[in-house]
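Trainee: I am new to this structure and would like to learn how to read it. Can we take one feature at a time?

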Amino acid sequence: MERKEERSLNFLERIIEDDLANGRVPDNLIVTRFPPEPNGYLHIGHIKSICLNFGLAEKYGGRCHLRLDDTNPEKEEIEYIEAIQRDITWLGFDWGDHLYHASDYYDQLHRIAVNLIEEGMAYVDSLTAEQVKEYRGTLTTPGRNSPDRDRPIEENLRLFEEMRQGKHPEGSYVLRAKLDMASPNINMRDPALYRIKFASHPRTGDKWCIYPMYDFTHPISDAIEGITHSICTLEFEDHRPAYDWATSIDGIGHTPHQYEFARLNINYMLMSKRRLLNLVKLGIVSGWDDPRMPTITGIRRRGYSPESLKDFVARVGVAKVESVVDYNLLEFCAREDLNKRAKRVMVVLDPLKLVITNYPEGETEWFDAENNPEDPDAGTRKIPFSRELYIEREDFMEVPPKGYHRLYPGNEVRLKHAYYVTCTGVIKDAQGNVKEIHCTYDPQSRGGTTEDKRKVKGTSHWVSAAHAIEGEIRLYDKLFSAEYPGARTGNYLDDLNADSLVVVSTAKLEPSLKDARPGEYLQFIRNGYFMADSRDHAEGKPVFNRTVTLKDSWSKKAAKLE
RNA sequence: UGGGAUGUAGUGUAAUGGUAACACUGCAGAUUCUGGUUCUGCCUUUAGGGGUUCGAAUCCCUUCAUCCCAGCCA
């Protein structure tokens, strides 16, 4: 008997399976949609929604539409529309022929609005924005009907047509649904359906000067596309009655249902397009694709794989409880994925010259180095070894603390893939800084092991001085140093991490790195995971971004010894 | 003295009337040609109070806490 390891269903899967089992889904075809507004770049929070919508459709053999919710021409741009598609494709999802825009439905939406007026279910209101607010009442007191609420149908029709023709200035009129001004739910107090905006739309240009509102557009767009399960975030829970109202308008003919889940929050990160846009505008980051940004494009440039991000989202799960996921989980997912796929390579970030005094001058040996101990199929590469090398400055200490098993006078360590060396001397400059260290090597340890199998506790990475190439290494860290940016002072800019980017220009890289290119996952042994920068990396001028550090249990221990 | 939602280890998420669990974090240790990986162990959980029941995280009552809503944004 086979034992199936069944992952428990999340609440959305449960709803869908129940709907399917009870014949509530037309043609048994699940149809979902991912409906971003093209007013900014997609960020990691959107990945959750993307994975949910595309993932659910995939799991139940349905389809998922990509619909750009472009009903506010003042904020939306073609640049964003294009970036959104690029990002979703990079994640590995495909909407096939089902790319839509809310603006595709402007004609239908307009017709439905006119019908509503004819049915006496919508009216043109001349109240100012200020007055509308006043008439709406408050959270605890009911609203009052607008004096225009009973405007004759003919007049409503005429005014709405004049609005469309551009005969009235912005703000002079608005089309409203006639629902219930006394509703305890503010969204039902005669919501606006159309407003006047003399703004050129990225897709429809100047065809329209009235634009439909979310509560009208979104549900009807869903209905038009035959969406069965319309999944959105918690803050739209209050809009569900409006959603249900719109989808039940005569002639709509299809009834999708809205379900809400908790959006993704991660500590030390900002997840709001508005605030991210602000970081870009203020020049705090280099752009939407700055590797410190939580945008998909930024994370990608940083060196994350789509697989690790999807895994992350899957581990986070879906529920209706608002939650804050630990940044550690993101890094864990990155490391787990990168450990399996990254090519190992040796780079010394902070070089310290090491001279092997008993090694012949002018000689070069080429060692075979495995590319990935986790993947035998990854093969090997050649690395040059010679008398003068660079090792990491922190891999040597003249006076080591307890537990330090790297290089110090008299101690023997392994140079990865090469030889054992023993420190025999320290050369200092006039100020007493260690300039260079001298070692002897054991020719018997060639390749990194000896026949006597004696233990060396430390293994250092190194680069041959004569063969090393130079490059710029960008060490990225969290953009914010506070778990909840802005919680302390009310201004998230007060919590920027001053060390979120450290540029290292002194690094010595093994020569094979001259062939590195963006998209290739790398591990700089003992330093972290890196990727060539997709913007600035060039032949002869390498630039690498640190995706994430390796787990480092030594520095923790060392800190405790203090 | 409005409406809508939600409360399970530090953080996420399971268990849907039958032994509270998985992952991450943290802490120990083993292994290791990366102080990485891998492996082992440990820590800590049903918001409070009542009730129903042989039995409650789960059902009922009640209290408390948190989040969202008063754009002509989405």
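Trainee: Which residues lie nearest the centre of the largest cavity, and how many line it?

Mentor: First, note that this is a predicted model. The general idea is that rolling a probe the size of a water molecule over the atoms shows where empty space is left. Here the lining of the largest cavity is made up of 16 residues. Met-269, Arg-292, Met-293, Arg-302 and Tyr-327 are the ones nearest its centre.

Trainee: What volume does the largest cavity have?

Mentor: The volume of the largest cavity is about 160 Å³. Its lining takes at least two residues from each of α10 (296–302) and α12. Sorted by class, that lining holds 12 nonpolar and four charged residues, with no polar ones.

Trainee: How many cavities of 30 Å³ or more are there?

Mentor: The count is two. The second largest cavity holds about 40 Å³ of space. Its lining consists of Met-346, Ile-383, Pro-384, Trp-462, Val-463, Ser-464, Glu-510 and Pro-511. Two elements, β14 (380–385) and β20 (462–464), each give two or more residues to this lining.

Trainee: Which element has the largest share of that second lining?

Mentor: β20 does, with three residues. By class, the lining of the second largest cavity has six nonpolar residues, one polar and one charged.

Trainee: Now the RNA. How many residues surround RNA strand B, and which are the closest?

Mentor: For a strand, begin with the protein residues around it. RNA strand B is surrounded by 70 residues, and the closest are Arg-14, Glu-322, Arg-344, Arg-406 and Gly-447. Of the strand's atoms that come within 4 Å of the protein, 65% belong to sugar and phosphate.

Trainee: Which classes of residue make up the surface near RNA strand B?

Mentor: That surface has 27 charged, 23 nonpolar and 20 polar residues.

Trainee: Which parts of RNA strand B do Leu-127, Arg-136 and Lys-560 approach?

Mentor: Read each contact as a pair of atoms. For Leu-127, a polar backbone atom is 2.9 Å from a base nitrogen of the strand. For Arg-136, an N or O atom of the side chain is 2.9 Å from a phosphate oxygen. For Lys-560, a polar side-chain atom is 3.5 Å from a phosphate oxygen. The elements that supply two or more residues to the surface near the strand are α5 (129–136), β6 (192–196), α11 (306–316), α12 (327–341) and α13 (553–561).

Trainee: Which element gives the most to that surface?

Mentor: α13 gives the most, with five residues.

Notes:
Residues are numbered from 1 along each chain as its sequence is written. Chains are lettered from A and ligands numbered from 1 in the order in which they are written. This is a predicted model: local features need pLDDT of at least 70, side-chain atom pairs count only at pLDDT 80 or more; totals for chains, interfaces and linings use all residues. Side-chain values use heavy atoms; hydrogens and water are left out. A residue is near a molecule or strand if one of its heavy atoms lies within 4 Å of it. A polar contact is a pair of N or O atoms within 3.5 Å; within protein, one must be able to donate a hydrogen and the other to accept it, and residues adjacent in sequence count only if both atoms are side-chain atoms. Helices (H or I, at least four residues) and strands (E, at least two) are DSSP runs, numbered from the N terminus. Ala, Val, Leu, Ile, Met, Phe, Trp, Tyr, Cys and Pro count as nonpolar, Asp, Glu, Lys and Arg as charged, and the others, Gly among them, as polar. On a 1 Å grid over the protein atoms alone, a cavity is a set of points where a 1.4 Å probe fits but cannot get out, and a pocket is an open set with protein on both sides within 12 Å along at least five of seven lines; lining residues have an atom within 4 Å of a point. Grid points are joined across faces, edges and corners, and a volume is the space filled by probe spheres set on the points.
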